Amino acid sequence: MSTADSTITIADPFRLGHRGPNLARGHGGGGPATKRVVVGYGFWLFLLTDIIIFACLFASYAVLAQATAGGPTAKQIFDTDRVAWETACLLASSFCCGLATIAVAKRDQFLTQLALLATGLTGLAFILLESSEFAALNAQGYGPSRSAFLTGFFTLVGCHGVHVTAGLLWLGTMMAQFYAKGFRPDIGRRFLCFSMFWHFLDVVWVAIFSLVYLVGTRL
Amino acid sequence: MLGKLSWSAIPFDQPIPLIAGAVVVLLMLGALALVLAKGWMPYLWKEWITSVDHKRLGIMYVLLGLLMLLRGFIDAIMMRAQQAVAYHAQGYLPPEHYNQVFSAHGTIMVLFAAMPLVIGLMNFVVPLQLGVRDVAFPTLNSVSFWLTATGALLVNISLVVGEFARTGWLPYPPLSELRYSPGVGVDYYLWAVQISGIGTLLTGINFVTTILKIRAPGMTYMRMPMFSWTALASCLLILAAFPVLTATLAMLTLDRYLGFHFFTNEAGGNAMMFMNLIWAWGHPEVYILVLPAFGIYSEVISTFSGKPLFGYRSMVAATLFICVVSFMTWLHHFFTMGAGGDVNAAFGISTSIIAVGTGVKIYNWLFTMYGGRIRFTTPMLWSMGFLTTFITGGLTGVLLAVPPADFILHNSMFLVAHFHHVIVAGVVFALLAGIEFWWPKAFGYRLHEGWGKATFWFSIVGFYVTFMPMYVVGILGMTRRLQHYDVAEWHWWLQISSVGVLILIVAAGCQVAQLLVSYIRREELKDITGDPWNGRTLEWVTTSPPPVYNFAVLPQVIDTEYYWELKQRAFEQARLSEEPKYEAIEMPRNSPTGFVCAFFATIIGFALIWHIWWLMIVGLIGAYATFVVFAWRDVPEYMIPADEVAQQDRARRAARQHILNTGEVAWQ
Amino acid sequence: MIFIRRVGRRVLPCFCVLAAGLLPSLAQADSILEPVGPVGKGDALIMMDALVIMLAIVIPTMIATLGFAWWYRASNTRAVYRPDFTYSGKIELVVWSIPTLTIFFLGGVIWIGSHTLDPFTPIPSAAKPLEIEAVSFDWKWLFIYPEQNVATVNQLVVPVGRPLHFRITSASVFNVFFVPRLGSMIYAMNGMVSQLNLRADKPGKYLGFSAHFSGDGFPDMRFDPVAVPAAQFANWANGVKGAQLDRNALGQLLKQSRAVKPYAYRGVDPALFDAIAARRVAPGEGPEGGRGGAEGRNVMPHGGAP
């Protein structure tokens, strides 16, 4: 664990020179909130905007779901077994991320790295499974250009996949930062954001799993 | 190697864009040469380009907005000139060019002129009004600005390299699909708007967090100045609406780049979905612009009437009312699509319901003036111009909200006149008033009143002469975006309209003259007190221009219009409040992250437009590296010692004390 | 408030007189205020109703704005300065209720108007409507008269007094079918069929065009309709000469062309319109140039009649 942070005295309640009471949360007249609250809050807002992007993709998928243009329907192409494995990987990944949060709270470098590695590997497994699904569909000629339905499907699920991939890049950077910089407050806040992001991707996946795959194979 | 890019992308055969482009390039090179020759580069780099100070960023946003306003205005002049002469003739602009001009005009005016101006004023004013030292995420703020600048740059590059979209300011498919617009114009539009849109989205996150989480102690919601309230409402709209834009443009991009079928004519694509999605962003976008404008008018009218805002709570309620309802009206942009009586009626009614919120605001402004002592300075004149013009614009807006009336007015010049009535009078007048109002705070000297008033009068006359004839030709059946026509009745109305543009050119000249004259005579227009207008909100507490940390000690707000109360007490007791205890202040360090990020965004955008894939990968790696370098830094902040703070604040107090002693105040 | 009402009473009549003087000048050849059919009349009437409703509130407000601003100018020593007048429950009630009541009233107008004037609603009439199928291409209009077995390009001839039932689609990009003096416009969209019911009550030649930007040839998408008496219409339909409108002819129409002079077809494939609307034929071709390589700018030559 690096002790470099001890030389940089950034106490948490400092916020651009606001030395408000430590408990300030930014409500009412309490004065500026702490950095941790501000950063977490800002990232929450970002996640909400991301949810709106997904909402648009869900809406367009719903509009285009029946527009198969003579191509395959949802029922014909969805492989629920593979999707079940994907789901399991992603949920496991989120669980590992939860473990990492505990390790970070304990400031245990080894456990943190271990838990984050597990988070990354399960996430990677998800991405590989999803890629194989996409590759298989493409190989049968059912790529996104085949029909508007497939366009909507690939975009919605692919957008989630791109998010997970970006998250993996972030995760790698995060691990390097914990290793090089230790448990500094600013890195702790960054990790707070990462874990929110990672759990958020689970929430989106649950929606995709139910509304795309389950509904698609039943109807 | 260079994708689709080759020499033929430069319009050597079209003198107008070529000359315009050459002039722009020469001006930019000239400015760069001057900066380098004078040795200003280190100053610009340290104090401006890498600055994360909300005031500096606000000023840069406003500068960008003003430059683009000029560019958009030149497009407008070209359009009016074309329609004045293109009766039974082709005019001087072929359709290929005319269509680019009106597309660029709309895109630039809404996204690269009005948006930067609104966001610039929010940047400058909101932290000062809330009594804090910066926004929640200062470096992110710089990233937002530079991404917006990237978008503006890409639009302007399209003038010389390739072409701009020829599809209107909202690229409706199928026209904007690859089959019907195979050129790079739509791609320029998509990447410019996408990149700047991400910048705007980040601004929204930044300001909602700022306003909700880091106000000065005691600054409860019901003590927030009106402009900050409207900025909050506007940023909430940004959060809810801009992701829709991002998603919609991404869909169109996938159609164009990877052969997807969201909106195509083939394989089940559905172009109507684009219209719904784009207006689910586009209509709130109007309110993103106009709500802060309402905030500016509230501040200006209250200050120059010498009264607090009438019905403050009512105004807050009306603002949030508009904020919510603006999301339920998008379908009125295409009543003529045939959605049926129920749907059209529902959206027609929801649209006119917005007029309730707006009406309440107008009446509250009226009663703010009632019993006031009104000083007709330039910002107040703009506000009066707004009130009268906006009421007319609202009237025609309600007509368009009535579906059967829209069935004969949709897409007509009447519509064009309507939205210019609300956007020019609502937003542009507000921005000019706001710039005038907060200019002394930003630069320490007031703008010249005479030239300002000349600008106002030429603008208002020019505005009416330009746009009233458009209502008429709209009623005479004229649709918009016509490159030529052969209806005699339209011709002379359009000629009158172009005379109006000439008057507006004079107004623009006066505006530029005002800035120059004021700069030259800045010593005599100097604002020593920091409170040139007898202001009421916290930004007038501090010096003009404010120190980097805004306030030596954070204000402890105990009342609405706290600064006004403080000032009255000081006058009554003929002395200032006790000197506070000064402490060292921690401020964020400058960072080139925003600039470097935008540099790579420009590369990525340009590479994608021209299909230069290797360059795109280079840009992506560069952007990622920028983030990592930023994340790796160890010392994000620096301290300003208490002595320095005390010294500067004592100078401010001395200036204030001088007013108390001598009673020499500009505004009395 | 009394002040507002008093001024309102005086000024409203003045304004009405002024407006009455101005409006006839707008009622020129192709004004939407000079409709020649029930739909146009209905649209224009509702527009004028909404205008009057709004003026009732707008004019007093406008006068109050200027009046307050003038009276409370800083130099007017007779005006009473009331810096504490910042809230009044009564005024708040009024300023919320006036716009709300106006919008309530207007909402009723909107609801009724939207339903009675919905373009899909047939015009009540004893006569059977004349069926016309309209297709927009880049950049011309095709009108198919299935009963008469003829079709025209950029030329619309209709009988006076008989309801017209249009079915409208697009073979390429969005357009809007609009004849200002007949009334309501509606979108022409690929893959969709819009319906529009109109009637021309007076013979004459009217302005007709596309009211939605559709590309470089858009300004020339004119089809100025001619309304003629029924007998004359029958004569015209019988006398139309031209080639057969089949898939081959359609192939020609799908190519982009500008400022096409009107011409006609005799003999129409009856399934053609539905084939276009259901996307069973390929959509309009789009420009020839600019697709690949360096041609970022795809400047097209002017087309003409085929």
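Visitor: Which residue stands opposite C:Val157 in β11(C)?

Guide: In this predicted model, the residue facing C:Val157 is C:Val226, which belongs to β11(C). That pair is part of a ladder: β4(C) and strand β11, residues 226–228 of chain C, are joined by 3 bridges and run parallel.

Visitor: What is the strand order of the open sheet that holds β4 and β11?

Guide: The order is β4-β11-β9 in chain C, an open sheet of 3 strands with mixed pairing. Its edges are β4 (157–159) and β9 (204–205) of chain C, each of which pairs on one side only.

Visitor: How should I picture the side chains along a strand?

Guide: As a general idea, side chains in a regular strand alternate between the two faces of the sheet.

Visitor: Which open sheet of 3 strands in chain C has antiparallel pairing?

Guide: That is the sheet ordered β7-β6-β10 in chain C. Here β7 (183–188) and β10 (209–210) of chain C are the edge strands, pairing on one side only. Between strand β6 (residues 175–179) of chain C and β7(C) there are 4 bridges, and the two run antiparallel. To find the register, start at C:Asn175, whose opposite residue in β7(C) is C:Ala188.

Visitor: Now β5 of chain C. How many of its residues are buried?

Guide: A residue is called buried when its relative accessible area is under 20%. In strand β5 (residues 164–170) of chain C, 6 of the 7 residues are buried, so the strand is mostly covered.

Visitor: Which strand pairs with β5(C) in the parallel sense?

Guide: Strand β1, residues 130–137 of chain C, does so over 7 bridges. C:Ser136 is set opposite C:Ser170 of β5(C). β5(C) also has an antiparallel partner, strand β8 (residues 194–198) of chain C, joined to it by 5 bridges. In that pairing C:Phe166 has C:Leu196 of β8(C) as its bridge partner.

Visitor: How many helices and strands does chain C have in total?

Guide: Chain C has 6 helices and 13 strands. Of its 306 residues, 53% count as buried. Its accessible surface is about 13100 Å², and carbon and sulfur atoms account for 64% of that. Sequence separation is another thing to read: among contacts in chain C between residues at least 6 apart in sequence, 69% join residues at least 24 apart.

Visitor: Turning to chain B, is B:Leu26 buried or exposed?

Guide: The test for exposed is a relative accessible area over 50%. B:Leu26 has 60%, and is therefore exposed. This leucine sits in helix α1 (residues 15–38) of chain B.

Visitor: Which residues make the nonpolar surface patch of about 480 Å²?

Guide: B:Leu26 is one of them, and the others are B:Val25, B:Leu29, B:Leu32 and B:Leu36.

Visitor: Which chains have the most contacts between them?

Guide: Chains B and C do, among the 2 pairs of chains that touch. Chains A and C share no contact, and their closest C-alpha atoms are 10 Å apart.

Visitor: What average pLDDT does chain A have?

Guide: The average for chain A is 85, with 87% of the residues scoring at least 70. Residues 1–22 of chain A are below 50, although this stretch has 50 contacts in the model beyond near neighbours in sequence. The general rule is that predicted coordinates should not be read in detail where pLDDT is low.

Note on methods: Residues numbered from 1 in each chain as written. Chains lettered and ligands numbered in written order. Predicted model: local features only at pLDDT ≥ 70, side-chain atom pairs only at ≥ 80, totals over all residues. Heavy atoms only, no water. Pairing = 2+ DSSP bridges. Patch = residues over 30% accessible without salt bridge, like charges linked within 9 Å, V, L, I, M, F, W, Y side chains within 5 Å. Areas by Shrake-Rupley, 256 points an atom, 1.4 Å probe, with all protein chains shown as cover. Salt bridge = Lys/Arg side-chain N within 4 Å of Asp/Glu carboxyl O. Buried < 20%, exposed > 50% of the residue type's maximum accessible area, 1.4 Å probe, protein only. Contact = heavy atoms within 4.5 Å. pLDDT = per-residue confidence, 0-100.
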